[in-house]
Amino acid sequence: MKQAGSIAIAIALIASSVWLYRHFSGDQRQSQDFPEGAHWLCLKCNQGFSLSLKEVNRWANSEPAAGYPCPKCKAVETTRAKKCPLPGCGKFYVERNLVIDDKVCCPVCKKPLP
Ligand SMILES: [Zn+2]
Ligand SMILES: [Zn+2]
């Protein structure tokens, strides 16, 4: 009976490592779905900017203590943002997406996102 117990633990360990592996490879696949990279917003001057994933990775590997430096005012008080893909808006925002009539909407122009 003792052995059956350790086999069960071994199976549980394998199952959780498979889950972890899938979880992390899923994350990587997701980030590749953003060809234009990551969007950021400067909290000092309100400048929105986009970085390629290569730039983000290089910055992340330098063990940053703060946000990515703003290209305009060089402040590091920056945060990850979203960018409205709609023509005529294209604004950067950090708010949650709005949900209007069950549609996910941009909080700036309040139009449904594609
Ligand atoms: Zn700035
Ligand atoms: Zn918008």
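A residue is called buried if 20 or more other C-beta atoms lie within 10 Å of its own, exposed if 12 or fewer, and partly exposed in between, with C-beta atoms placed from the backbone. Keep that rule at hand for the views below.

This is a predicted model, in which local features need pLDDT of at least 70 and side-chain atom pairs count only at pLDDT 80 or more, while totals for chains, interfaces and linings use all residues. Residues are numbered from 1 along each chain as its sequence is written, and chains are lettered from A and ligands numbered from 1 in the order in which they are written.

**View 1. The whole chain, with its 2 helices and 6 strands.** Helices (H or I, at least four residues) and strands (E, at least two) are DSSP runs, numbered from the N terminus. Following the sequence, you meet them in the pattern α-β-β-α-β-β-β-β. The chain has 114 residues, and 9% of them are buried. Two residues are in contact if their C-beta atoms, placed from the backbone, lie within 7 Å. Take the contacts between residues at least 6 apart in sequence: 39% of these join residues at least 24 apart.

**View 2. How confident is the predictor, and what is the mean pLDDT of the chain?** The pLDDT is the predictor's confidence in each residue, from 0 to 100. Its mean over the chain is 85, and 84% of the residues reach 70 or more. Over residues 26–33 the pLDDT is below 50, and this stretch has 1 contact in the model beyond near neighbours in sequence. Where pLDDT is low, the predicted coordinates should not be read in detail.

**View 3. The open sheet of 4 strands, in the order E2-E1-E3-E4.** Two strands pair if DSSP finds at least two bridges between them, and the pairing in this sheet is antiparallel. E2 and strand E4 (92–93) stand at the edges with a single partner strand each, so one side of each is left without a neighbour in the sheet.

**View 4. Strand E1 and its two partners, E2 and E3.** Strand E1 covers residues 38–42, and 4 of its 5 residues are buried. It runs antiparallel to strand E2 (residues 48–51), joined by 4 bridges, and antiparallel to strand E3 (residues 78–83), again joined by 4 bridges. Which residues does Leu-41 stand opposite in E2 and in E3? In E2 the residue is Gly-48, and in E3 it is Thr-79. His-39, for its part, stands opposite Ser-50 in E2. E1 and E2 form a hairpin with 5 residues between them, and Asn-46 in the turn has a positive phi of about 65°.

**View 5. The largest nonpolar core, 5 residues in all.** A nonpolar core is a set of buried Ala, Val, Leu, Ile, Met, Phe, Trp, Tyr and Cys residues joined through C-beta atoms within 7 Å. Here the members are Ala-38, Trp-40, Leu-41, Cys-42 and Cys-70. In soluble globular proteins, nonpolar side chains tend to be buried together. Setting aside residues up to four places away in sequence, Cys-70 touches Cys-42, Lys-44, Cys-45, Gln-47, Ala-75 and Thr-78.

**View 6. Gly-90, in the loop between E3 and E4.** Is Gly-90 buried or partly exposed? Gly-90 is partly exposed, because 13 other C-beta atoms lie within 10 Å. Leaving out neighbours within four places in sequence, Gly-90 is in contact with Lys-83 and Cys-84. Cys-109 is 19 residues away from Gly-90 in sequence, and their C-alpha atoms are 9.2 Å apart in space.

**View 7. Asp-101 and Asp-102, in the loop between E5 and E6.** Strand E5 spans 98–100, and strand E6 spans 103–105. Phi of Asp-101 is near 50°, a positive value in a residue other than glycine. Asp-102 is not a glycine either, and has a positive phi of about 65°. Asp-101 counts as exposed because it has 6 C-beta neighbours inside 10 Å. Asp-102 is exposed too, with 6 other C-beta atoms within 10 Å.

**View 8. Pro-114, in the segment after strand E6.** With 6 other C-beta atoms within 10 Å, Pro-114 is exposed. Pro-114 and Val-104 are 10 residues apart along the chain, and their C-alpha atoms are separated by 8.6 Å.
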